[in-house]
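Colleague: Could you pick one part of this model and take me through it slowly, including what it sits against and what holds it there? I'm at the bench most days, so please spell out your cut-offs as you go.

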Amino acid sequence: MSVGDLIVIERAEDGIDWQPWMTLHCLNVNKTRSTEYVEAGGEQNASYVTFRVRWNRRLPEVEADTTRYRIVWRGRVFDIRGYDDYQYQHRKVDLAGVSYG
């Protein structure tokens, strides 16, 4: 668990160019699981991490199109795979991310 860590949410501009879009402090960072798999003849791994942040009025844009956004945390890039605004109370949002390699 990492309280107060900064994450940068980047947005794909024109579908290819990633630009910083928002910086947030995490309330909680939790590694949910890791997996290993074989791809292209080599062993690879994937780390699944959940980032809990305070709700922000701009965050629903991420829910609308998670493929256009990604998280950079501690130098690693995480594809956003899930968005959870519990019961749409607009208090805390869990962003589920996966990092390969």
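Modeller: What follows is a close look at strand 4 and its surroundings.

First, the ground rules. This is a predicted model, in which local features need pLDDT of at least 70 and side-chain atom pairs count only at pLDDT 80 or more, while totals for chains, interfaces and linings use all residues. Residues are numbered from 1 along each chain as its sequence is written, and side-chain values use heavy atoms, with hydrogens and water left out.

Now the setting. The chain has six strands and one helix, where helices (H or I, at least four residues) and strands (E, at least two) are DSSP runs numbered from the N terminus. Reading from the N terminus, the order is β-β-β-α-β-β-β. Of the 101 residues in the chain, 36% are buried; buried means under 20% relative accessible area, exposed means over 50%, and partly exposed is in between (1.4 Å probe, protein chains only). As for contacts (heavy atoms within 4.5 Å), among those with a separation of 6 or more, 49% are between residues 24 or more positions apart.

On to strand 4 itself, which covers 69-73. Four of its five residues are buried, so the strand is largely enclosed by the rest of the structure. What does strand 4 pair with? Strand 1 is one partner, antiparallel over four bridges, and strand 5 is another, again antiparallel over four bridges. Two strands pair if DSSP finds at least two bridges between them. On the strand 1 side, Val-8 has Val-72 as its bridge partner in strand 4. On the strand 5 side, Arg-70 stands opposite Asp-79. Strands 4 and 5 make a hairpin with two residues between them, and Arg-74 in the turn has a positive phi of about 50 degrees.

Let's take the greasy side next. A nonpolar core here is a set of buried Ala, Val, Leu, Ile, Met, Phe, Trp, Tyr and Cys residues joined through side-chain atoms within 4.5 Å. The largest one has 20 residues, and Ile-71 is among those with the most contacts inside it, along with Phe-51, Leu-59 and Leu-95. Strand 4 supplies at least two residues of this core, as does each of strands 1, 2, 3, 5 and 6. Strand 2 gives the largest share, five residues. Leaving out residues up to four places away in sequence, the residues that Ile-71 touches include Ile-7, Val-8 and Ile-9, and also Phe-51, Val-77, Phe-78, Ile-80 and Leu-95.

Then there are the charges. A salt bridge is a side-chain nitrogen of Lys or Arg within 4 Å of a carboxyl oxygen of Asp or Glu, and by that rule the count comes to six. One of them joins Arg-70 to Glu-10, with the closest N and O atoms 2.7 Å apart. Arg-70 belongs to strand 4 and Glu-10 to strand 1, so this pair ties together parts that are 60 residues apart in sequence. Are these two buried or exposed? Arg-70 is buried, at 19% relative accessible area, and Glu-10 is buried too, at 13%.

Just past the strand, Arg-74 forms a salt bridge with Asp-5, with a closest N to O distance of 2.9 Å. Since Asp-5 lies in the segment before strand 1 and Arg-74 in the loop between strand 4 and strand 5, the pair ties together parts 69 residues apart in sequence. Here the two partners sit differently: Asp-5 counts as buried at 18%, whereas Arg-74 is exposed at 60%.

Last, the neighbour at the start of the strand. Trp-18, in strand 2, touches Tyr-69 and Arg-70, and its other contacts beyond four places in sequence include Glu-10, Arg-11 and Arg-68. Trp-18 counts as partly exposed because its relative accessibility is 27%. The C-alpha atoms of Trp-18 and Arg-68 are 9.0 Å apart, although the two residues are 50 apart in sequence. Arg-11, in strand 1, is buried at 18%, and Tyr-69 and Trp-18 are among its contacts beyond four places in sequence.
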